[in-house]
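Okay, thanks everyone, let's get going. I'd like to walk you through one model today, so have a look at the screen.

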Amino acid sequence: MKPDLKSMTRKELEKLKADVEKALTKVSEKEKKAALAAAQKAAAAHGFSLAEITGDAPAPKKRRKSKTGPKKAAAPKYRNPGDADQTWTGKGRQPQWFKDAIAAGTSPDAMEI
């Protein structure tokens with residue numbers, strides 16, 4: 001049952017190619033499953049799991065104990081001269097009020113707490 005490739009159209013050849021690739025993929029998956037089953041059986045015969053042999057066994061989770069305890073918020077370093085409720089620690093992004101004050105000519109030293 002050999003197909004006559006010379007008499008086939010391009011469309012028929014492309015369909016044949018797709019069918020062959022699909023069949024090859026199925027055969028490959030079937031062979032992988034068979035190989036995995038054989039490997040698991042061989043490992044079990046020696047008293048091991050396949051994961052133990054390949055090193056794929058999940059490592060036990062370790063809980064780290066905090067030596068310092070929970071993080072505390074940093075003390076504010078700068079205060080908004082226009083609104084005393086707005087402060088900034090000096091870490092991270094500069095707040096808009098700080099940028100505006102610098103642009104207006106206020107020095108950072110003048111806004112320190």
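I'll start with confidence, then go along the long list of salt bridges and aromatic contacts, and finish with a distance.

First, please keep in mind that this is a predicted model. The mean pLDDT of the protein is 88, and 94% of the residues reach 70 or more. Which element has the highest mean pLDDT, and which the lowest? That's helix H1 at the top with 95, and helix H2, residues 50-54, at the bottom with 85. As a general caution, where pLDDT is low, you shouldn't read the predicted coordinates in detail.

Okay, salt bridges. How many does the structure hold? Three. Opposite charges on side chains can pair up when the charged atoms come close.

Let's take Arg10 and Glu14. Their side chains meet in a salt bridge, 3.4 Å from N to O. Both sit in helix H1, which covers residues 10-45, and because they are four residues apart, about one helical turn separates them. If you remember your helix geometry, an α-helix has 3.6 residues a turn, so residues three or four places apart point the same way. As for how open this pair is, Arg10 is exposed, at 68% relative accessibility, and Glu14 is partly exposed, at 45%.

Next along the helix we have Lys15 and Asp19. This salt bridge comes out at 3.1 Å, N to O. Again we're in helix H1 with a spacing of four residues, so about one helical turn lies between Asp19 and Lys15. Is Lys15 buried or exposed? Exposed, since its relative accessible area of 53% is over the 50% cut-off. Asp19 has 38%, and that makes it partly exposed.

Then there's Glu29 with Lys32, where the N to O distance is 3.8 Å. These two are also in helix H1, but here the spacing is three residues, which is still about one turn. Lys32 is exposed, with a relative accessible area of 52%, while Glu29 is partly exposed at 40%.

Right, let's leave the charges and go to the nonpolar side of things. Which residues make up the largest nonpolar core? There are six of them: Tyr78, Trp88, Trp97, Phe98, Ala101 and Met111. Helix H3, residues 96-103, gives the largest share of that core, with three residues.

So let's look at H3 itself. Its buried residues are Trp97, Phe98 and Ala101. They sit on the same side of H3, because they cover an arc of only 100 degrees around the axis. And what covers them? Strand S1, residues 78-79, and strand S2, residues 87-88, are included in that cover. If you zoom in on Phe98, and set aside residues up to four places away in sequence, you'll find that Phe98 touches Tyr78, Trp88, Pro108 and Met111. One more detail here: just after H3, Gly105 takes a positive phi of about 105 degrees.

Now for the rings. Searching the whole structure gives four aromatic pairs. Take Tyr78 and Trp88: the ring centres are 5.5 Å apart and the planes are at 25 degrees, so this pair is stacked. Since Tyr78 lies in strand S1 and Trp88 in strand S2, the pair ties together parts that are 10 residues apart in sequence. Are these two buried or exposed? Tyr78 is buried, with 11% relative accessible area, and Trp88 is buried too, at 11%.

Another of the pairs is Trp97 with Phe98, and here the geometry is edge-to-face, with 5.9 Å centre to centre and 80 degrees between the planes. Both of these residues are buried. Put it together and ring pairs link Tyr78, Trp88, Trp97 and Phe98 into a cluster. You'll recognise those names, as these four also belong to the largest nonpolar core.

Last thing, the distance I mentioned. Go back to helix H1 and find Ala18. Ala18 is partly exposed, with a relative accessible area of 42%. How far apart are Ala18 and Ala104 in space? It's 70 Å, C-alpha to C-alpha, and in sequence they're 86 residues apart.

That's what I wanted to show you, so over to you for comments.

Definitions and conventions: Residues are numbered from 1 along each chain as its sequence is written. Side-chain values use heavy atoms; hydrogens and water are left out. A salt bridge is a side-chain nitrogen of Lys or Arg within 4 Å of a carboxyl oxygen of Asp or Glu. Buried means under 20% relative accessible area, exposed over 50%, partly exposed in between (1.4 Å probe, protein chains only). A nonpolar core is a set of buried Ala, Val, Leu, Ile, Met, Phe, Trp, Tyr and Cys residues joined through side-chain atoms within 4.5 Å. Contact means heavy atoms within 4.5 Å. pLDDT is the predictor's confidence in each residue, from 0 to 100. The arc is that of the directions from the helix axis to the C-beta atoms. Rings of Phe, Tyr and Trp (its six-membered ring) pair if their centres lie within 6.5 Å; planes under 30 degrees apart count as stacked, over 60 as edge-to-face and the rest as tilted.
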